[in-house]
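Here is a short report to read alongside the model. It starts at the ligand and then moves to a sheet.

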Amino acid sequence: MTRVAILGAGPAGLAAAEAALAAGAQVTVLDEGARPGGQFWRHRPGLTDPRMQHGVRRFEQLQSALAGAEVHSGAAVWSVEPGEPGEPGEVGGAVVLRAAVGPADGARREAVVVEADALVIATGAHDLALPIPGWTLPGVTTAGAAQALAKRDGVSVGRRTLVAGAGPFLLPVAQSLALVGSTVVGVHEASRIGALAGGWLPKPWQLLGKAGELAQYAGALARHRIPYRVGSGVVRVLGDERVEGAVVAQLDADWRPRPGTERVIECDAVALGHGFVPRLEAAIMLGCEVAGDRRGRFVVVDDGQRTTRPQVFAAGEVTGIGGADAALAEGAIAGYRAAGVAQDDQRLHAALRVRDRMRRFARRLETAHGIRPGWTAWLDDDTIVCRCEAVAKRAIVERAEVPLRAMRLATRAGLGPCQARTCGRAVEAIVSEARASAAGVAAAGETVDGSSSSAQGGDVGFDRRPLLAPVRLGELGGSDRPTNGEN
Ligand SMILES: Cc1cc2nc3c(=O)[nH]c(=O)nc-3n(C[C@H](O)[C@H](O)[C@H](O)COP(=O)(O)OP(=O)(O)OC[C@H]3O[C@@H](n4cnc5c(N)ncnc54)[C@H](O)[C@@H]3O)c2cc1C
């Protein structure tokens with residue numbers, strides 16, 4: 001029986017598990033979360049407001065399918081390696097995963113070692129908040145964190161919350177905040193009307209499914225009297241001890257603030273969301289090809305979600321930011337393929353159709369809301385870029401000539417607990433811009449993603465020294481014996 005390991009139990013990982021089980025594989029699922037569901041399904045049992053929690057029925061189906069799998073929740077996978085070739089006459093594992101199971105900062109976590117013939121990487125994404133002067137003040141959160149608190153715990157990050165950034169994700173966040181009792185003082189979308197029209201207006205019939213969702217959010221904003229502004233962003237957060245207000249300004253097409261348009265909005269919380277950054281560490285550790293374009297860097301996969309490493313598949317936000325429906329479809333394809341089902345098998349057909357439709361949706365998303373290079377104009381030299389190590393923009397610009405892989409040691413940016421997950425893309429953009437300005441050319445990279453920038457001169461990205469999950473030295477010596485399939 002093919003042993004399939006699935007790293008991540010969000011929509012992509014759960015759909016992969018369901019498909020691999022249906023195809024007869026022995027499935028092991030690992031996720032560091034306390035329970036399956038990923039970023040999308042966070043509701044507590046009993047707290048299922050249908051306006052905030054979508055697709056709960058589908059989640060319940062996926063959860064029941066998991067009964068046939070070995071599931072490790074609270075399992076921080078810190079290493080993924082190619083497996084040893086098997087003994088003569090035996091099947092060798094294609095991959096070996098090592099995890100520490102237990103509370104993240106607990107002292108005695110259990111060592112779990114999973115050996116598998118195929119792996120599906122479904123590690124999802126982090127939400128991205130670009131640095132802004134004042135963003136380290138208490139009361140500033142990412143839009144994803146505000147959403148998670150509202151959905152999981154029914155609490156709001158503030159009494160008067162300003163939501164800002166780019167992308168349709170700001171809409172459910174504003175709705176959830178209003179539903180848990182916050183006054184949302186505005187949603188500020190950085191993209192201007194031209195970019196939004198370019199992304200969303202062509203071939204409107206392709207958006208039929210999504211139009212209903214959009215209308216529902218528009219209705220919610222109207223009901224809660226939440227102003228929605230386009231071509232507008234927070235350029236400074238105000239306050240001494242905590243957030244007391246925010247300066248918003250109109251932005252040009254490249255997201256540069258337009259002089260003279262600033263105004264102050266009183267609020268006690270700011271939720272920032274400028275998109276998502278895929279969690280690539282596992283794919284990079286295994287040597288899977290990761291490619292960059294205007295949207296950032298993602299794991300390269302073929303039509304069957306297969307990466308460039310044998311028997312390693314990837315699905316969901318690690319392969320492109322397309323939302324939960326895309327993750328579900330990709331997960332199903334990856335699960336079937338990892339279990340040995342042929343690409344032309346009819347069980348894949350429905351998922352392939354949805355996946356292709358959602359890929360078109362992802363391209364629209366990027367055209368309409370993709371990060372524009374002018375955002376760096378709202379930073380001043382003292383703006384903290386790396387929050388863990390308190391590294392300001394000035395320090396990064398001063399060392400911009402240092403190769404990116406050495407930047408952590410040169411500036412300490414990215415050396416802290418988050419290992420550049422929060423600041424990595426911003427550091428790359430600042431370095432790219434500083435190098436371009438030193439060379440007297442415009443920064444070629446149009447997004448925060450450094451790898452697409454000729455100003456980098458072939459420099460590798462900031463994320464090439466991955467640490468999958470924080471792990472204690474004592475945990476490194478855990479068991480070498482595979483633990484999957486023991487029960
Ligand atoms: C904070 C946040 C909130 C979001 N809220 C919403 C929302 O309300 N509505 C919406 O439409 N979209 C939301 N999104 C977007 C959402 O991520 C996708 O639409 C969808 O969840 C993607 O599914 P996925 O399976 O690819 O990834 P995810 O749902 O992110 O699942 C990935 C899983 O991998 C696990 N994982 C990653 N690395 C490791 C490791 N080393 N060891 C063990 N486990 C690991 C994570 O714990 C996670 O459970 C949110 C995103 C973020 C970042």
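In this predicted model, a polar side-chain atom of Gln 147 sits 2.7 Å from an oxygen atom of the ligand. Two further residues make polar contacts of this kind, Lys 151 through its side chain and Pro 11 through its backbone. The table puts them side by side.

| Residue | Protein atom | Distance to a ligand oxygen atom |
|---|---|---|
| Gln 147 | polar side-chain atom | 2.7 Å |
| Lys 151 | side-chain N or O atom | 2.8 Å |
| Pro 11 | polar backbone atom | 3.3 Å |

On its own the ligand would expose 980 Å², and 92% of that is buried by the protein. Helix 1 (11-22), strand 4 (75-82), strand 8 (125-127), helix 3 (143-153) and helix 8 (324-338) each give two or more residues to the surrounding shell. That shell holds 32 residues, with Ala 12, Asp 31, Gln 147, Lys 151 and Glu 317 coming nearest. Sorted by class, 15 are nonpolar, eleven polar and six charged.

Where does the ligand lie relative to domain 1 and domain 2? Both domain 1 (3-126 + 277-366) and domain 2 (129-274) give residues to the shell, so the ligand lies between them.

Strand 4, one of the elements of that shell, also belongs to an open sheet of three strands in the order 4-5-6, paired antiparallel. Strand 4 and strand 6 (110-116) are its edge strands, each pairing on one side only. From one strand to the next, the twist averages 20°. Strand 4 and strand 5 (residues 95-101) are joined by seven bridges, and Ser 79 has Arg 98 in strand 5 as its bridge partner.

Methods
Residues are numbered from 1 along each chain as its sequence is written. This is a predicted model: local features need pLDDT of at least 70, side-chain atom pairs count only at pLDDT 80 or more; totals for chains, interfaces and linings use all residues. Side-chain values use heavy atoms; hydrogens and water are left out. A residue is near a molecule or strand if one of its heavy atoms lies within 4 Å of it. A polar contact is a pair of N or O atoms within 3.5 Å; within protein, one must be able to donate a hydrogen and the other to accept it, and residues adjacent in sequence count only if both atoms are side-chain atoms. Accessible areas come from the Shrake-Rupley method with a 1.4 Å probe; for residues, only the protein chains shown count as cover. Helices (H or I, at least four residues) and strands (E, at least two) are DSSP runs, numbered from the N terminus. Ala, Val, Leu, Ile, Met, Phe, Trp, Tyr, Cys and Pro count as nonpolar, Asp, Glu, Lys and Arg as charged, and the others, Gly among them, as polar. Domain bounds come from an automatic or database domain assignment. Two strands pair if DSSP finds at least two bridges between them. Axes are lines fitted to C-alpha atoms, for helices over the stretch in contact, and angles run from 0 to 180 degrees between N-to-C directions.
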